[in-house]
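Thank you all for coming. I would like to take a few minutes to walk through one part of a structure with you, beginning with how its helices pack and then turning to a sheet.

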Amino acid sequence: MRLFTSESVTEGHPDKVCDAIADAILDAVLAVDPAAHAAIEVAATTGTVVVLGELTTEHPVDVDDLVRRTVREIGYDDPALGFDADSVTVTSLIKGQSPDIALGVDEHAAELGAGDQGMMFGYATDETTELMPMPIQLAHELCRRLAEVRRAGTVPYLRPDGKSQVTVAYGHDRLPRSVHTVLISTQHADTIEAADIANAVRREVVDAVIPADLRDGEMRLLVNPTGRFVLGGPAGDSGLSGRKIIVDTYGGMARHGGGSFSGKDPTKVDRSGAYAARWIAKNVVAAGLATRCEIQVAYAIGIARPLALNVDTFGTGVVPDARIRAAIDAVVDLRPGAIIERLALRRPIYRPTAAYGHFGRRDLDLSWERTDLADELLQAARPAGTAA
């Protein structure tokens with residue numbers, strides 16, 4: 001038996017508050033200026049939000065209002081929480097984009113160059129219907145359910161901050177067998193007993209998310225292991241955007257290039273390149289070309305065409321990885337401008353992705369989660385002379 005663990009965090013986690021603010025600002029800018037360039041960073045602590053980074057647009061947005069509105073939507077609307085939308089101090093230190101970077105990515109360029117150098121990874125596996133690793137998929141669903149029961153008043157004493165962690169037991173065939181351990185840490189009102197919180201979380205969250213066939217009598221459940229989680233959010237720990245990159249992607253099951261997503265417009269290949277890599281990997285698996293697939297793509301700043309493309313199916317491919325790579329080259333244009341156009345990335349679609357993952361989202365219609373490449377890839381990868 002092999003154990004693998006992934007974590008997720010709720011929208012009220014301090015880092016996710018910052019990601020949500022960054023993407024709310026990005027969406028507001030793209031709504032009026034689809035060609036804007038943005039790289040927004042956010043930091044938060046008790047009573048304070050600092051917005052910094054770069055923004056190039058002729059249509060400025062009200063940063064103060066966007067911060068307060070986002071904080072309120074998340075659920076920080078009570079001064080007793082130590083951080084709330086009405087009393088928070090907002091400081092904006094946004095500046096324009098470097099003209100040196102603009103040389104390669106401005107719209108007048110013959111080809112839209114990558115907004116930075118770097119390597120991005122995409123991953124897919126057939127162990128869940130979303131073609132995501134099971135540990136991170138379940139961890140996200142637990143956190144999303146925590147928010148749902150809080151907002152609906154089903155468990156009214158929950159507060160916005162929280163985390164989940166799921167350990168899945170895999171067999172020697174690398175298929176998930178059962179959920180070994182579930183850990184839930186959730187912020188709560190001061191007057192509630194730990195046992196009452198644990199019982200409610202088991203009943204309304206864990207039992208609603210973890211499929212019965214994955215639960216057995218030996219599944220371990222831990223709820224608020226310290227026994228108390230009253231002080232949370234940015235009042236409990238300072239937050240920073242771009243710090244939950246493993247939560248945002250594959251929960252550690254696949255490699256990561258290091259770049260974050262939130263607050264970045266799609267000319268930043270940290271975002272668009274990673275979305276494209278997931279799109280390709282998912283379509284490779286959806287096409288039946290492999291049961292697991294990891295895609296790596298590398299870029300240089302100001303240059304449109306990728307420097308390198310790597311395909312790894314971990315020995316699960318029905319044709320050689322080199323043939324799958326050739327099929328991708330034939331079917332997909334990985335220049336940033338082509339990715340942006342094909343996936344329609346210049347739209348205000350990013351705020352909902354700031355929490356609960358950028359991939360495997362059944363609740364959102366995300367272009368990079370569609371399997372519209374599967375038939376083309378399958379046809380291109382089929383050996384010559386094979387019947388269609």
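Which residues in helix 4 meet which residues in helix 5? Before I answer, please keep in mind that this is a predicted model. On the helix 4 side we have Leu138, Glu141, Leu142, Arg145, Leu146 and Val149, and these meet Glu204, Val205, Val206, Ala208 and Val209 in helix 5. Sorted by class, that contact has 8 nonpolar and 3 charged residues, with no polar ones.

Two packed helices are described by the angle between their axes and by the distance between those axes. Here helix 4, which covers residues 134-152, and helix 5, which covers residues 194-209, pack at an angle of about 145°, and their axes are 9 Å apart; the crossing of helix 4 and helix 5 is right-handed.

Let me move on to the sheet. It is an open sheet of 3 strands in the order 5-10-11, with antiparallel pairing, and its edges are strand 5 (118-125) and strand 11 (308-312), each of which pairs on one side only. On average, and ignoring direction, neighbouring strands of this sheet are turned by 15° against each other.

Strand 10, residues 292-299, is joined to strand 11 by 5 bridges, and Val297 has Leu309 in strand 11 as its bridge partner.

Two helices belong in this picture as well. Helix 8, residues 269-286, lies across strand 5 and strand 10 and runs at about 30° to strand 5, whereas helix 9, residues 321-331, packs on the sheet by touching strand 10 and strand 11, its direction making about 135° with that of strand 11.

Methods
Residues are numbered from 1 along each chain as its sequence is written. This is a predicted model: local features need pLDDT of at least 70, side-chain atom pairs count only at pLDDT 80 or more; totals for chains, interfaces and linings use all residues. Side-chain values use heavy atoms; hydrogens and water are left out. Two strands pair if DSSP finds at least two bridges between them. Helices (H or I, at least four residues) and strands (E, at least two) are DSSP runs, numbered from the N terminus. Axes are lines fitted to C-alpha atoms, for helices over the stretch in contact, and angles run from 0 to 180 degrees between N-to-C directions. Contact means heavy atoms within 4.5 Å. A crossing is left-handed if the near helix is turned anticlockwise from the far one by less than a right angle, and right-handed if clockwise. Ala, Val, Leu, Ile, Met, Phe, Trp, Tyr, Cys and Pro count as nonpolar, Asp, Glu, Lys and Arg as charged, and the others, Gly among them, as polar.
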